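Colleague: I've got this model open on my screen and would like a close look at one part of it. Could you pick a strand in the middle of things and walk me through what sits around it?

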Amino acid sequence: MRSALRARSFNRLLSSAVNMVQAGGGGRCSSLLPRRWASSLPQLESVDRSDEESGGEIDWDNLGFGLTPTDYMYVMRCSVEDGAFSRGELSRYGNIELSPSSGVLNYGQGLFEGMKAYRRVGRAGYTLFRPEENARRMQHGAERMCMPAPSLDQFVDAVKQTVLANGRWVPPQGKGALYIRPLLIGSGAILGLAPAPEYTFLVYAAPVGNYFKEGLAPINLVVEDGVHRAMPGGTGGVKTITNYAPVRTSSSPLAVSNSNHTTPVDLPHLQFQSTVLDLCVQVIKAQMDAKSKGFTDVLYLDAVHKRYLEEVSSCNVFVVKGRVIATPATRGTILPGITRKSVIELAADRGYKVEERPVTVDDLIDADEVFCTGTAVVVAPVATVTVEGQRYSFRTGPDTVSQELYTTLTSIQMGLAEDSKGWTVAVD
């Protein structure tokens, strides 16, 4: 019922968008654009795996978190005429063609997810961790961004096919994971400010090791109180691509074309805040300054009161005091991380009191321990946080809450411990 209502809502939304930008009569995508720009679907090659008997030539012992091109990606699309995503296909990994006026390039209409596949212990096959949660989060984000989304079954099936097609790139047990990146983008051409007439769902993958250069060593953060990664009413609570441009370390002007400081697309009143580029440049500068001073990452505060913790650039944050673990409540400016959700449940199972609430800078300073969570970082202990030039240190090491939760979570993810919660999904 909910999927049907979402599909009908999307069809009405796209029909309104087409009418807004159409020069003449009619309401079909084909009458709006030349057909050569109507689609960005890559040319799909037949699946030939004759050269894939051996693994990739990778030094698994020194695998960082970077892009290693693999063999295949999965592609599926949806147009105004379709109204919903249909069957997708595996394609050789490679570039895709986009119109210069595609919705994702011009208006940042895009979402992504991040997840990992692990090689099973002692037998063939792979394991995914809570992929249905990623699918639901993408559906939630798509509704927020005026986009259609794959069904839960379509999403999980696409991820499984991508993992199986790139099986030789899954690191050996204990050496890392296959990082999977599902993308949902407005690939159709649009000039006026409106939802795109076509969407592409794409899944690719790459073998990865540790996210931070410190590896599993504790990281060092600095609190930024003058620049903010999200604002109330924006899109900080969904995994839109525009949330991450502001926290990149690149100084390229192409990296600052959008940010999550935009007024959400809301037909028929479509508008953007005038300060997008200025804020984006400021945040990039904050990140670059932090790294140039030896910090691992930046911890951002809320944009209104400038005293409540929000997120590190790409992960959620937790503070520990005695047997109480607190993490900022997700109220529209903070991404509801799947690792965050899992850690909260695991900590409660172990007798900790877990509080989702506003967490102040004073709470941080007074904490015994601080750690971050995310798909890429898993659970990362924090050694120090610098606030207004003052550095505060926290407990790290083998007898900490973060280490306990890291070991528990990764043991479930990699199949080293019983999954009594039914979080893992087999890929055969």
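Modeller: Let's settle one word before we start: a residue is called buried if its relative accessible area is under 20%, exposed if over 50%, and partly exposed in between. By that yardstick, buried residues make up 53% of the 428 residues in the protein chain. Bear in mind that this is a predicted model.

A bit of background, then. The chain comes to ten helices and 17 strands. Of its contacts with a separation of 6 or more, 72% are between residues 24 or more positions apart. On the outside, the chain exposes about 18,900 Å², and carbon and sulfur atoms supply 49% of that.

The part I'd zoom in on is strand E4, residues 115-119. Four of its five residues are buried, so E4 is largely enclosed by the rest of the structure. Who are its partners? E4 runs antiparallel to strand E6 (residues 177-186), and three bridges join the two. To find that pairing on your screen, go to methionine 115, whose bridge partner in E6 is isoleucine 180. E4 also pairs with strand E5 (residues 126-129), again in the antiparallel sense and over three bridges. Here the pair to look for is alanine 117 with leucine 128 of E5. E4 and E5 form a hairpin with six residues between the strands, and glycine 122 in that hairpin takes a positive phi near 75°.

Now for the empty space. The count comes to three cavities of 30 Å³ or more, and the largest holds about 110 Å³. Its lining consists of Gly114, Met115, Lys116, Tyr118, Phe129, Asn134, Ile338, Thr339, Thr375 and Gln413. Two elements give two or more residues to that lining, namely E4 and helix H8 (338-349). E4 gives the most, with three residues.

E4 turns up at a pocket as well. The second largest pocket has about 610 Å³ of space and a lining of 35 residues, of which Gly209, Asn210, Leu216, Val378 and Tyr406 lie nearest its centre. The elements that give it two or more residues are E4, strand E15 (378-387) and helix H10 (401-413). At this pocket H10 gives the most, with five residues.

Next, a lysine you'll probably want to click on. The UniProt annotation, from an unreviewed entry, marks Lys239 as "modified residue: N6-(pyridoxal phosphate)lysine". In the model, lysine 239 lies in the loop between strand E8 (219-224) and helix H7 (276-292). It is buried, because its relative accessible area is 11% and the cut-off for buried is under 20%. Leaving aside neighbours within four places in sequence, lysine 239 is in contact with Leu111, Phe112, Glu113, Gly114, Arg137, Tyr244 and Leu335. Gly114 in that list is also one of the residues lining the largest cavity.

If you carry on past the end of E5, you reach arginine 130, in the loop between E5 and helix H5 (131-144). Arginine 130 is buried too, with a relative accessible area of 5%. Apart from its neighbours within four places in sequence, it is in contact with Ile338, Lys341, Ser342 and Trp423. Ile338 is another residue in the lining of the largest cavity.

Past H5, in the loop between H5 and helix H6 (152-165), there's cysteine 146. Its phi is near 60°, a positive value in a residue other than glycine. Cysteine 146 is buried, with a relative accessible area of 9%. Glutamate 388 also has a positive phi, of about 50°, although it is not a glycine. You'll find glutamate 388 in the loop between E15 and strand E16 (390-393). At 73% relative accessibility, glutamate 388 counts as exposed.

One last stop, just beyond H10. Aspartate 419 has its place in the loop between H10 and strand E17 (424-427). Its relative accessibility of 22% makes it partly exposed. Neighbours within four places aside, aspartate 419 is in contact with Ile412 and Thr424. Aspartate 419 and leucine 409 are ten residues apart in sequence, and their C-alpha atoms are 9.9 Å apart in space.

Terms used
Residues are numbered from 1 along each chain as its sequence is written. This is a predicted model: local features need pLDDT of at least 70, side-chain atom pairs count only at pLDDT 80 or more; totals for chains, interfaces and linings use all residues. Side-chain values use heavy atoms; hydrogens and water are left out. UniProt positions are given in the numbering used here, feature names are shortened, and annotations may be inferred rather than shown by experiment. Buried means under 20% relative accessible area, exposed over 50%, partly exposed in between (1.4 Å probe, protein chains only). Contact means heavy atoms within 4.5 Å. Two strands pair if DSSP finds at least two bridges between them. Accessible areas come from the Shrake-Rupley method with a 1.4 Å probe; for residues, only the protein chains shown count as cover. On a 1 Å grid over the protein atoms alone, a cavity is a set of points where a 1.4 Å probe fits but cannot get out, and a pocket is an open set with protein on both sides within 12 Å along at least five of seven lines; lining residues have an atom within 4 Å of a point. Grid points are joined across faces, edges and corners, and a volume is the space filled by probe spheres set on the points.
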